[in-house]
Structure formats: structure tokens, C-alpha cells
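Biologist: I am new to this structure and would like a close look at a single part of it, with its surroundings described step by step. Please choose the part, and take care to say how each piece relates to the next.

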Amino acid sequence: MKKSILMGLWALAGIFGATAQEVSENSAPTFEVKVITSVESIVPLGLGRSRLVSTDMARDYKEFSSEQTAADNTRNKSKRKDIRIKDFEETKLLNFYNVGGIRFQNIAANDAVISSKLTTMLVEGWELIFVTSAVESDAGEDDGNGIFITRYIFKRPIEKSTQ
């Protein structure tokens, strides 16, 4: 009896394994990824520029990459102009500072604009999967520059064409 139970379990495992493999081979979703970047100036006196930036243009990273090995250390010779994208969406945001110092109304306004963009992305079928931010703040007496950057990373399934 013990042997027949074991045989039954192995058979079930085989069926589930085959079904899982068939599902993953036949219906594995293919995703596209989109990055939206907000750059908010933290330059005193409101002199910086703040923007929300996105694009629908695609770039294949492989065209601009090389693999370094001990035997072959040939570098990728891509030109900056080939990487640069000139077609993009730029949404104006307000700077964190003005003449009077930090401006909380500007931060609230930026939050509303960014929320609107993120909501639109969700309505269009994108799923927010990751958010990362960083600050490069004033580096001392002679610097006076700084930005607060946030990247919103989305994904959505690519519809497979039926032929």
C-alpha cells in the first residue's frame, strides 16, 4: 500500500509538473518596462529646473554595451548622439526652494502633478513595480547645486499577436 501511495504521489507530481511546464511555455507573459523620472531642484533661490520626464522611444542596451574579458577588452564605441533621445515628454514641476527658502506649496503641487501622471499610467494598464530615489544635495560653500531624483518603474504585459 505504501508503494502505491508513493506511485500515486509521483504520478500527481508528474502531472502538475507537466501542466506547469506547458502553462509556462504556452502562456508565459511578456512584459514591457517603462521608467518615469522626476527631477526636482533643491537649488537655493529657486534657480534650478524641475521636471517629470518620460519617453516612448526604445533603445536596445546591447547596442551600447560591450563585455570586457582578459582576452578581449575592446570597448563599445557608441556615440553619445546615437544614445540620446530627442522625443520625450517633459512635464514642468516646481522647484523646492524659492527666495524665501523651502516652499511647501511647491512640494504639494509637484505631488499632485506626479500623482496625476502615475494615475494615468495605472489606467493605461501599467503596474508600478518599484520606486527609487536619491538626493545630490549642496556639497558645500562653493557648490549651491542639488537635485532630488525619483524613478518610477512600471511593467505591463505585451499583448501577443495571434496569427
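Modeller: A strand here is a DSSP run of type E with at least two residues, and strands, like helices, are numbered from the N terminus. With that in hand, we can say that Lys92 is found in strand 3, and the sheet to which this strand belongs is the part I would like to follow. Please keep in mind throughout that this is a predicted model.

A little context comes before the sheet itself. The protein holds 3 helices and 7 strands, and along the sequence these follow the pattern α-β-β-α-β-β-β-α-β-β. Of its 163 residues, 17% count as buried. Among contacts between residues at least 6 apart in sequence, 64% join residues at least 24 apart.

The sheet is an open one, built from 5 strands in the order 3-2-1-7-6, with antiparallel pairing. Strand 3 and strand 6 (127–136) each have a single partner strand and stand at the edges, so one side of each has no neighbour in the sheet. If the direction of the strands is ignored, neighbours in this sheet are turned by 15 degrees against each other on average.

We can now walk across the sheet, starting at the edge formed by strand 3. At 61% relative accessibility, Lys92 in this strand counts as exposed. Once neighbours within four places in sequence are left aside, Lys92 is in contact with Ser50 and Arg51. The C-alpha atoms of Lys92 and Asn110 are 8.9 Å apart in space, while the two residues are 18 apart in sequence. The step from strand 3 to strand 2 is made by 5 bridges, with the two strands running antiparallel, and across this pairing Ser50 stands opposite Leu93 of strand 3.

Strand 2 (50–54) has 4 of its 5 residues buried, so it is largely enclosed by the rest of the structure. On its way to strand 1, the pairing is again antiparallel, here over 3 bridges, and Val39 has Arg51 of strand 2 as its bridge partner.

Strand 1 (residues 31–41) also pairs with strand 7, in the antiparallel sense and over 11 bridges. One of these links can be picked out by its residues, since Glu32 has Arg156 of strand 7 as its bridge partner. There is a further link between side chains, in which Lys155 lies over the face of Phe31, 4.3 Å from the ring centre.

Within strand 7 (residues 147–157), Thr150 is a useful place to pause. Thr150 has a relative accessible area of 5%, so this residue is buried, the cut-off for that word being under 20%. Apart from residues up to four places away in sequence, Thr150 touches Ile36, Thr37 and Ser38, and also Val131, Thr132 and Ser133.

Strand 7 also has a part in an aromatic pair, of which the structure holds 1. The ring centres of Phe96 and Phe148 lie 6.2 Å apart with their planes at 40 degrees, so the pair is tilted. Because Phe148 belongs to strand 7 and Phe96 to the loop between strand 3 (89–93) and strand 4 (97–98), the pair ties together parts that are 52 residues apart in sequence. The two rings also differ in their surroundings, for Phe96 counts as buried at 13% relative accessibility, whereas Phe148, at 26%, counts as partly exposed.

What remains is the helix that meets the sheet. Helix 3 (residues 104–123) lies across strand 1, strand 2, strand 3, strand 6 and strand 7, and runs at about 175 degrees to strand 1. The largest nonpolar core has 9 residues, namely Ile36, Leu52, Leu93, Ile114, Leu118, Met121, Trp126, Tyr152 and Phe154. Helix 3 and strand 7 each supply at least two residues of this core, and helix 3, with 3 residues, gives the most. Phe154, a member of this core, has a long list of contacts when neighbours within four places in sequence are left aside, including Glu32, Val33, Lys34 and Ile36, then Leu118, Met121 and Leu122, and also Trp126, Glu127, Leu128 and Ile129.

Technical notes. Residues are numbered from 1 along each chain as its sequence is written. This is a predicted model: local features need pLDDT of at least 70, side-chain atom pairs count only at pLDDT 80 or more; totals for chains, interfaces and linings use all residues. Side-chain values use heavy atoms; hydrogens and water are left out. Rings of Phe, Tyr and Trp (its six-membered ring) pair if their centres lie within 6.5 Å; planes under 30 degrees apart count as stacked, over 60 as edge-to-face and the rest as tilted. Buried means under 20% relative accessible area, exposed over 50%, partly exposed in between (1.4 Å probe, protein chains only). A charge sits over a ring if NZ of Lys or CZ of Arg is within 6 Å of the ring centre and within 35 degrees of the ring normal. Two strands pair if DSSP finds at least two bridges between them. Axes are lines fitted to C-alpha atoms, for helices over the stretch in contact, and angles run from 0 to 180 degrees between N-to-C directions. Contact means heavy atoms within 4.5 Å. A nonpolar core is a set of buried Ala, Val, Leu, Ile, Met, Phe, Trp, Tyr and Cys residues joined through side-chain atoms within 4.5 Å.
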